[in-house]
Amino acid sequence: MHISSGRWLYGLCLSLLTALLWGILPIKLKQVLQVMDPITVTWFRLLVSGGLLLAWLAASKRLPSFKPLGRKGWGLVLLATCGLVGNYVLYLVGLKLLSPGTAQLVVQMGPVLLLVASVFLFKERFSLGQGMGLVILLIGFGLFFNQRLEELLTSLSIYTTGVLTILLATTIWVFYALSQKQLLTVWNSMQVMMVIYLCCAVLLTPWVHPLQALALSPLQGWLLLACCLNTLVAYGAFAEALAHWEASRVSATLAVTPLITFVAVALAAWFWPDYVHAEQINTLGYIGALVVVLGSALTALGPSIVAGWRARRVRLAR
């Protein structure tokens with residue numbers, strides 16, 4: 001079982017970097033998806049990222065050894081590969097149907113689902129504080145979707161399909177995250193990502209259309225490259241954060257990702273209105289987004305908060 005190194009400040013910085021890169025990623029992807037299909041975009045992202053990692057590890061003579069894996073290790077590689085492919089492709093399918101902010105807020109269920117899974121696999125406790133956080137999270141979603149709540153609950157519209165697709169992508173992502181965390185007991189984070197990225201690229205190859213890249217405008221081409229590099233740095237930082245910090249605390253930090261997306265969309269719509277459109281959300285929806293973030297963070301940090309209260313009560317009792 002993987003045990004965190006305890007370097008919490010390093011893990012915090014890496015988690016914040018991941019949140020920032022994930023926060024701005026949907027804006028870039030939205031532009032690229034105007035020309036390319038989700039599978040091809042995913043293939044480019046994974047192939048470029050995996051290829052760069054392969055070159056770096058080969059040059060530094062740190063390529064992973066597959067001998068220590070064993071049958072269980074290969075099973076984890078397969079699970080992580082399928083989980084990441086499913087998450088990437090389904091997320092892009094959903095992103096084509098939704099705005100960047102909405103897609104990223106729905107993704108916020110990912111850290112919560114990761115926490116719930118960690119309760120069973122890593123024996124982390126699910127406290128009263130976490131239960132309260134989960135309730136707050138659900139209330140936040142209700143507020144955020146206040147303009148389209150009836151549509152979500154009563155019809156399978158394009159909007160509803162997009163939300164459900166993102167939810168499915170988020171659920172699949174949990175299998176990837178848990179498998180990756182266990183693979184860190186065999187390889188370091190860069191080795192894990194190289195293997196998973198290249199395996200994902202091979203898996204997708206029969207269905208890609210690489211010549212679609214020739215139809216990209218110069219701006220879209222640069223954005224595709226930025227998406228590829230974002231994949232490398234963001235998931236590398238995420239993998240390394242899990243190596244140094246508890247999964248629950250990483251999840252709590254990643255809760256700010258939707259807020260970064262909303263701010264980034266607002267700024268991009270201000271500076272480049274021809275390319276990026278502002279979110280069509282009312283004031284109650286923005287309040288709901290803040291409540292979702294609060295609920296997600298509280299759910300992840302529940303045990304720490306409860307432990308702090310108990311320690312304070314013990315000190316006062318003395």
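Trainee: What share of the 318 residues in the chain is buried?
Mentor: This is a predicted model, where local features need pLDDT of at least 70, side-chain atom pairs count only at pLDDT 80 or more, and totals for chains, interfaces and linings use all residues. Side-chain values use heavy atoms, without hydrogens and water, and numbering starts from 1 along each chain as its sequence is written. Buried means under 20% relative accessible area, exposed over 50%, partly exposed in between (1.4 Å probe, protein chains only). Of the 318 residues, the buried share is 51%.

Trainee: How many helices does the chain have?
Mentor: Helices are DSSP runs of H or I with at least four residues, and strands are runs of E with at least two, numbered from the N terminus. Strands number zero. The helix count is 13.

Trainee: Which residues outside its neighbours within four places in sequence does Ser179 contact?
Mentor: Ser179 sits in helix α8, residues 158-183. Its relative accessibility is 1%, so Ser179 counts as buried. Contact means heavy atoms within 4.5 Å. Beyond those sequence neighbours, the partners of Ser179 are Leu76, Leu79 and Ala80.

Trainee: Which residue meets Arg148 in a salt bridge?
Mentor: A salt bridge puts a side-chain nitrogen of Lys or Arg within 4 Å of a carboxyl oxygen of Asp or Glu. By this rule the count is one. Arg148 is partly exposed at 34% relative accessible area. Its N-to-O distance is 3.0 Å, and the partner is Glu151.

Trainee: Is Glu151 buried or partly exposed?
Mentor: Its relative accessible area is 22%. That makes Glu151 partly exposed.
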